[in-house]
Protein chains: 2
Amino acid sequence: MDYPSKVLAKAVDEISGLPGIGKKSALRLALHLLKQPESQAIALGDSLKKLVTDIKYCKNCHNFSDAEICEICDNPKRTEELLCVVEDVRDVMAIENTGKFRGKYLVLGGKISPMEGIGPNKLNISSIEKKLENGIVKELIFALSATMEGDTTAYYIYKKFKSSPVRFSTIARGISVGDELEYADEISLGRSIQNRLPYNEKD
Amino acid sequence: MDYPSKVLAKAVDEISGLPGIGKKSALRLALHLLKQPESQAIALGDSLKKLVTDIKYCKNCHNFSDAEICEICDNPKRTEELLCVVEDVRDVMAIENTGKFRGKYLVLGGKISPMEGIGPNKLNISSIEKKLENGIVKELIFALSATMEGDTTAYYIYKKFKSSPVRFSTIARGISVGDELEYADEISLGRSIQNRLPYNEKD
């Protein structure tokens, strides 16, 4: 495709470097921006640059943060006794969105995946060690994907720290709220039966 | 959704202002950029800003351009006798891509659409007048969408300039190359029969 202008060609090229956006969509987005007031593209451009230059990672939990320590780690109302281990910042957001967790997090930054060449040394596992050292953490909760890689990662961390005086738990797996049994996959349904809970009329 | 960082929230907000990109995709794109080298987001941000600040519109044909006059208008090898009227810069690119047109263009910047409040005065129709004044243009080719709005726009321009000594034509409509007759829609097929061409073994 020939572009009538080099600035346009460059913009299309940069936009199509994003995942899931091809040359055609990139051109559509560029032409959209050109139809809007200039300020929109300038604000977008600035906030993308600021995103990578100004964002910080919390020293404690590796969550994104605007300061050295993130708001969650810095919140004295949240207990230090519960430590929830997640793969990704998105998982922190998803759990925070439920409003059901009042502990702290640790963002691993991925999961062990030999296929993608990600070994334990690429994850923030040493930060778990630091967190467990002072003995404040009572329970370490795995909130990892229900996949082979997620299970491997949980097992690796469990093996490494099983001698520490901490309880290990993992988020419940079973059928989703709203699911009909007939359509649930057998593994989830099997886990649901195995891990059945005392009936509670308030749930 | 609560974001752990204000720079992230701002970036997600700006990205999701683009058409077809919701908050979830915007977050995915922002997190992708954060995983790449900083330079990628900076280059993207810069080229988006440059796009709107540096791009020019050709004074002659309203195509995008890096200079006052675009490369197509400035090319002496292209004939001034053929003027192809298109809605959009994308259409210029599409026709240029075929390599089958050696004339000049005029980009209307849209089509007449009362539904969207676009009247003839919002289009670059006065530039057609200027082009026709000196009598060099021999044929005005409508390359507009095969929609009600496209047809209305062509008819409006035809009515306005039909007294000028210029031939009007429109791009051929019919079944696409590769189409099977049985699946072609009846209107396209009908036009194909009406506008049948002398058989040419070289086509």
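Here are three short exercises, with worked solutions, on a predicted model that has a chain A and a chain B.

**Exercise 1. The interface**

Work out how much area chain B and chain A bury between them, and which helix of chain B gives the most to the side that touches chain A.

*Solution.*
- Start with the contacts: 53 residues of chain A meet 53 residues of chain B.
- Next, the area. The two chains bury about 5,000 Å² between them, and 72% of that is on carbon and sulfur atoms.
- Now look for polar partners. Six residue pairs are in polar contact across the interface, counting pairs with both residues at pLDDT 80 or more.
- Then see what chain B brings along. At least two residues each come from helix H1 (6–15), helix H2 (23–35), helix H3 (38–54), strand E2 (64–65) and helix H4 (89–98) of chain B.
- H3(B) gives the most, with 16 residues.
- Finish with the make-up of that side of chain B: 28 nonpolar residues, ten polar and 15 charged.

**Exercise 2. The sheet in chain A**

Find the order of the four strands in the open sheet of chain A, then say which helices pack on them.

*Solution.*
- Trace the strands across the sheet and you get E4-E3-E5-E6 in chain A, with parallel pairing.
- The edges are strand E4 (104–107) and strand E6 (167–170) of chain A, each pairing on one side only.
- Check the twist: neighbouring strands are turned by 25° against each other on average, direction ignored.
- Zoom in on one pairing. Strand E3 (residues 82–86) of chain A is joined to E4(A) by four bridges, and Cys84(A) has Tyr105(A) in E4(A) as its bridge partner.
- Now add the helices. Helix H5 (residues 125–133) of chain A touches E3, E4 and strand E5 (139–142) of chain A, and its direction makes about 150° with that of E4(A).
- Helix H6 (residues 148–161) of chain A lies across E3, E5 and E6 of chain A, at about 160° to E5(A).

**Exercise 3. Salt bridges**

How many salt bridges does the structure hold over all chains, and how many are between chain B and chain A?

*Solution.*
- The total over all chains is 21.
- Between chain B and chain A, the count is three.
- For a pair across the interface, take Lys49(A) and Asp46(B), whose closest N and O atoms are 2.7 Å apart.
- For a pair within chain A, take Lys104(A) and Glu80(A), at 3.6 Å between the closest N and O atoms.
- Lys104(A) sits in strand E4 of chain A and Glu80(A) in the loop between strand E2 (64–65) and E3 of chain A, so this pair ties together parts 24 residues apart in sequence.

Key. Residues numbered from 1 in each chain as written. Chains lettered and ligands numbered in written order. Predicted model: local features only at pLDDT ≥ 70, side-chain atom pairs only at ≥ 80, totals over all residues. Heavy atoms only, no water. Contact = heavy atoms within 4.5 Å. Buried area = accessible area lost by both parts, 1.4 Å probe. Salt bridge = Lys/Arg side-chain N within 4 Å of Asp/Glu carboxyl O. Polar contact = N/O pair within 3.5 Å; in protein donor to acceptor, adjacent residues only side chain to side chain. Nonpolar A, V, L, I, M, F, W, Y, C, P; charged D, E, K, R; others polar. Pairing = 2+ DSSP bridges. Axes fitted to C-alpha atoms, helices over the stretch in contact; angles between N-to-C directions.
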